[in-house]
Amino acid sequence: MTRSPQRPSGKRPFAKGRPPARKTAQLPAEMREMEVAIADVGARGDGIAFAEGLRLFVPYTVTGDRVRVRVAEGDGKGEGVRADLLEVLEAGPGRQTPPCRHFGRCGGCTLQQMDDATYAAWNSGMVRGALERVGLGEVVLEPLARTPAGARRRARFAALKRGKRVWFGFNERQSHRLVDLEECPILAPRLFALVEPLRAVLAEILPDGGDADVVLTDLEGGVDLLLVGPRSLDREAREALVAFEPERIARIAWQPTDRAAAEPVANRRPAFIRFAGVPIQPPPGAFLQASAEGEAALVAAVREGLGQASRIADLFAGIGTFSIPLAQQAAVHAVEGDEAAVTALGRAVQGLRLTVERRDLFENPLGAKDLNRYDAVVFDPPRAGAAAQAAALAGAKVPRVVGVSCNPASFARDARVLVDGGYRLVKLWPVDQFLWSAHVELVGLFER
Ligand SMILES: C[S@@+](CC[C@H](N)C(=O)[O-])C[C@H]1O[C@@H](n2cnc3c(N)ncnc32)[C@H](O)[C@@H]1O
């Protein structure tokens, strides 16, 4: 088997842990391999086992598995230590055969070993666990909204050229090594169908040893392609892209680096999405909910949470996933930090009761005076959460607040701030749109 190459660049953080009872460096080499029983599956999707005074995190396991593992070397600074799964000796009750051949190596999925019922229960349990840790475990949890396989409409891939060959796929877990994709059951088939043609065009564009990321988004009008890297594109490379897949790809843009502005390379026809029937053109690489099913579940939960509110502020609004549907029933003020997203949303406001503001909500959250103009607020921050905005909301008088999050831990922290400020967390809707991963989205309704 050819060893997958390691990308020279890119910083993927290694899983962090918290203090174990003892340092693994003290374990003699012959004790590093051991048999353990999986007691639980933690918030990052790793099985948890206890042995030799250590708390072990064993990926790709289910509760009740008996497994043989090799304990990784650690310096004792984490919450536990990673142990690699060598063999399943006895399968736990929720185990299934993973549907994808790359599972166990590809960093995209962590939970394909769980059967469907176990997986769904784990997702809901993770949400409840995060809330319990901040003393809010009593909240009413709605049934988990599910997303089927083949529904992921947006993905970021890594590509690397070695000799004449281009490796294209996702990084291995906790590594810069690439898994060269032969299948991907989570991806929309229209995206996966472009993997092989992309290998061919990247072979023309990339220098030997060169790498790039490719963001594909499945939109109306065709696929939107954003190439991040290489640092320069010569004339031949541009020509190759201009001629690339004109039927299936609506728009191609290029960024030399993650921080650089996207430069159009081929604009064949509008690449757009509709929110509540209103077409909007996302800027290249813009945030978009990962699946249509996930988006629909989140919008339905937000709508239900907001009830009959007639003046709504949508904070961290992106390109209007919530603002546009909500503007059919209420006056909405959308606030977002990203300039390109604000411009795109601003172009769609005609005929809607929708205003748009660009604002950094970490540095400059909406204060109580502004917030009190609304009878409901939605906030949907990035993974880090909305600490400053939650503190401002806690000091305001808005009767209904709906929080949307892709990170139960930061949501729980913000929820605690709201509850300490006098809100009640009334209901939670968990939404699984990152199938077989440890990510779960949620919508929470707060009232005062
Ligand atoms: C999880 S996305 C949600 C977007 C939108 N609600 C949706 O569902 O499509 C988070 C959004 O927060 C924006 N954002 C990140 N940091 C921000 C900040 N400091 N101030 C304002 N917006 C920010 C991002 O640009 C992104 O659009």
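This talk describes an annotated site, the salt bridges and the aromatic rings of one protein structure. Please keep in mind throughout that the model is predicted.

Let me begin with the annotated site. The UniProt record, an unreviewed entry, carries the annotation "binding site", and this covers Gln289, Phe316, Glu336 and Asp380. I shall look at two of these residues, Phe316 and Asp380.

Where does Phe316 lie? Phe316 is in the loop between β17, residues 311–315, and α6, residues 323–326. Is Phe316 buried or exposed? Its relative accessible area is 14%, and because buried means under 20%, Phe316 counts as buried. Leaving aside residues up to four places away in sequence, Phe316 touches a number of residues, among them Val335, Leu361, Phe362 and Pro381. Its contacts also include Glu336 and Asp380, and both of these are covered by the annotation as well.

Asp380 is found in another loop, between β20 (376–379) and α9 (387–394). Asp380 is buried, with a relative accessible area of 14%. Which residues does Asp380 touch, not counting those up to four places away in sequence? They are Gln289, Leu315, Phe316, Phe322, Val404 and Ser405. Gln289 and Phe316 in that list belong to the annotated residues too.

I turn now to the salt bridges. Side chains of opposite charge can pair when their charged atoms come close. How many salt bridges does the structure hold? There are 33 salt bridges, and I have chosen a few as examples.

In one of them, the side chains of Asp213 and Arg156 meet at 2.9 Å, N to O. Asp213 lies in strand β11 (residues 211–219) and Arg156 in strand β8 (residues 154–162), so this pair ties together parts that are 57 residues apart in sequence. Asp213 is buried, at a relative accessible area of 14%, whereas Arg156 is partly exposed, at 35%.

Another salt bridge joins Arg248 and Glu245, with the closest N and O atoms 2.9 Å apart. Arg248 is partly exposed, with 35% relative accessibility. A further example is formed by Arg373 and Asp370, where the closest N and O atoms are 3.0 Å apart. Arg373 is partly exposed at 48%, and Asp370 is partly exposed at 24%. Salt bridges may also join into a network, as they do for Glu33, Arg68, Arg70 and Glu87.

My last topic is the aromatic rings. Over the whole structure, a search finds 5 aromatic pairs. One of them brings us back to Phe316: the rings of Phe316 and Phe362 have centres 6.0 Å apart and planes at 50°, so the pair is tilted. This pair links distant parts of the chain, since Phe362 is in the loop between β19 (354–358) and α8 (368–371), 46 residues apart from Phe316. Phe362 is partly exposed, at 41% relative accessibility.

The rings of Phe411 and Phe446 also form a tilted pair, with centres 5.9 Å apart and planes at 40°. Phe411 lies in helix α10 (residues 408–420) and Phe446 in strand β23 (residues 441–447), so the pair ties together parts that are 35 residues apart in sequence. Phe411 and Phe446 are both buried. Elsewhere, ring pairs link Phe157, Phe168 and Phe170 into a cluster.

Finally, rings may have a charge over them. The charged end of Arg165 sits over the ring of Trp167, 3.7 Å from its centre. Arg448 lies over the face of Tyr423, 4.1 Å from the ring centre. Thank you for your attention.

Terms used:
Residues are numbered from 1 along each chain as its sequence is written. This is a predicted model: local features need pLDDT of at least 70, side-chain atom pairs count only at pLDDT 80 or more; totals for chains, interfaces and linings use all residues. Side-chain values use heavy atoms; hydrogens and water are left out. UniProt positions are given in the numbering used here, feature names are shortened, and annotations may be inferred rather than shown by experiment. Helices (H or I, at least four residues) and strands (E, at least two) are DSSP runs, numbered from the N terminus. Buried means under 20% relative accessible area, exposed over 50%, partly exposed in between (1.4 Å probe, protein chains only). Contact means heavy atoms within 4.5 Å. A salt bridge is a side-chain nitrogen of Lys or Arg within 4 Å of a carboxyl oxygen of Asp or Glu. Rings of Phe, Tyr and Trp (its six-membered ring) pair if their centres lie within 6.5 Å; planes under 30 degrees apart count as stacked, over 60 as edge-to-face and the rest as tilted. A charge sits over a ring if NZ of Lys or CZ of Arg is within 6 Å of the ring centre and within 35 degrees of the ring normal.
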